[in-house]
Amino acid sequence: MSLYYSHKDISIYNSDILKTKSIDNNSVDLIITSPPYNLDIQYDSYNDFLSYQDYLKLCKKWFSRLYELAKEDGRFCLNIPLDKSKGGYQSVGADLTVLAKSVGWKYKTSIIWNEGHISKGSAWGSWLSASAPHIIAPVELIVIFYKKQWKKRSGSKITNINSEDFKSWTNGIWSFKGESKRKIGHPAPFPIELPYRCIKLFSYEQDLVLDPFMGSGSTLIAAIKTNRKAIGIDIEKRYCEIAKNRICDEIYTIK
Ligand SMILES: C[S@@+](CC[C@H](N)C(=O)[O-])C[C@H]1O[C@@H](n2cnc3c(N)ncnc32)[C@H](O)[C@@H]1O
């Protein structure tokens with residue numbers, strides 16, 4: 001059994017999303033995740049530098065698995081890069097969007113997350129010359145899909161978002177800073193603000209939220225803050241431990 005930790009409605013599984021049998025099909029209201037980006041990030045054991053074709057094949061497999069797990073009116077918030085240059089230029093955001101649609105996910109919209117940080121160093125390409133300049137945008141995408149119907153029929157119908165946040169967050173350009181790797185102890189965390197906004201906009205209280213690439217548990221912390229049930233899965237035991245500790249701190253803080 002791969003259950004690593006649970007507290008009330010929050011569970012962590014140390015497992016591979018492609019192999020886990022711990023989640024029922026057609027049971028998840030909202031999936032929020034940031035998968036490996038194939039940028040050669042040094043995870044503990046996961047190889048984050050596949051050929052682009054192998055990366056897309058792998059993504060297609062887990063897009064299909066997530067589709068099975070979602071409810072008919074289930075939604076999917078996918079945080080991915082717009083594009084990448086390392087290992088060859090690729091239109092990652094566009095390619096993964098097409099791939100998700102090819103297994104059944106329906107496209108709703110995209111949110112641009114302006115994280116305002118460019119780790120560009122001196123990679124200008126051809127400085128002050130049109131010969132080969134290098135362009136990079138300090139943004140990521142949050143692509144929003146749904147399984148069969150966008151209008152949400154299931155769930156408690158209890159919404160806990162105020163009018164100011166609703167007005168602000170339905171403008172699809174979000175600006176907030178990325179999370180510090182060093183502070184969290186994970187090589188690629190996203191800030192809690194990202195799943196927090198997605199949860200409040202796209203789900204009801206007591207809905208089940210899933211992060212299949214949980215990492216340090218940011219989505220689960222956002223779920224605790226918003227009174228949702230949540231499941232997080234990560235293939236690495238060490239990240240499950242980091243997530244567990246962050247969740248315990250959160251539970252202690254709100255007591
Ligand atoms: C970009 S990180 C997610 C970070 C997370 N959003 C956070 O805030 O910490 C991707 C995670 O996916 C995990 N992972 C890679 N392959 C996996 C798989 N097949 N099943 C489950 N987790 C996997 C990695 O260990 C890594 O922690």
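## A sheet, its helices and a ligand

Ile31 has Leu210, a residue of strand E8, as its bridge partner. That pairing is a good way into this predicted model, which has an open sheet of nine strands with mixed pairing. From there we can look at two helices beside the sheet and finish with the residues around the ligand.

**The sheet as a whole**
- Reading across the sheet, the strands come in the order E1-E2-E9-E8-E3-E4-E6-E5-E7.
- Strand E1 (3-7) and strand E7 (173-175) each have a single partner strand, so one side of each lacks a neighbour in the sheet.
- On average, neighbouring strands are turned by 20° against each other, ignoring direction.

**Strand E8 and its neighbours**
- E3 and E8 run parallel and are joined by two bridges.
- On to E9: four bridges join E8 to this strand, and the two run parallel.
- Asp211 has Gly232 in E9 as its bridge partner.
- Which way do the residues of E8 point? Leu208 and Leu210 point one way, while Val209 and Asp211 point the other way.
- All four of these residues are buried.
- This fits a handy rule: side chains in a regular strand alternate between the two faces of the sheet.

**An antiparallel pair**
- Strand E5 (residues 106-114) and strand E6 (residues 139-146) pair in the antiparallel sense, over eight bridges.
- In this pair, Asn114 has Val139 of E6 as its bridge partner.

**Helices on the sheet**
- Helix H2 (residues 92-102) lies across strand E4 (70-81), E5 and E6, and runs at about 165° to E4.
- Helix H6 (residues 218-225) also packs on the sheet, where it touches strand E2 (10-14), strand E3 (28-33), strand E8 (208-211) and strand E9 (229-234).
- The direction of H6 makes about 170° with that of E9.

**The two sides of H2**
- Which residues of H2 are buried? They are Val92, Gly93, Leu96 and Ala100.
- Seen down the axis of H2, these buried residues fall within an arc of 95°, so they line one face of the helix.
- Here is the general idea: an α-helix has 3.6 residues a turn, so residues three or four places apart point the same way.
- The buried residues of H2 pack against helix H1 (52-69), E4 and E6.
- Exposed Val98 and Ser102 sit on the face of H2 turned away from its buried side.
- After H2 comes Gly104, with a positive phi near 125°.

**Around the ligand**
- The ligand is surrounded by 22 residues, and the closest are Pro189, Phe213, Gly215, Ser216 and Ser218.
- Sorted by class, this shell has 14 nonpolar, five polar and three charged residues.

Terms used: Residues numbered from 1 in each chain as written. Predicted model: local features only at pLDDT ≥ 70, side-chain atom pairs only at ≥ 80, totals over all residues. Near = placed C-beta within 6 Å. Nonpolar A, V, L, I, M, F, W, Y, C, P; charged D, E, K, R; others polar. Pairing = 2+ DSSP bridges. Axes fitted to C-alpha atoms, helices over the stretch in contact; angles between N-to-C directions. Contact = placed C-beta atoms within 7 Å. Buried ≥ 20, exposed ≤ 12 C-beta atoms within 10 Å, placed from the backbone. Arc of directions from axis to C-beta.
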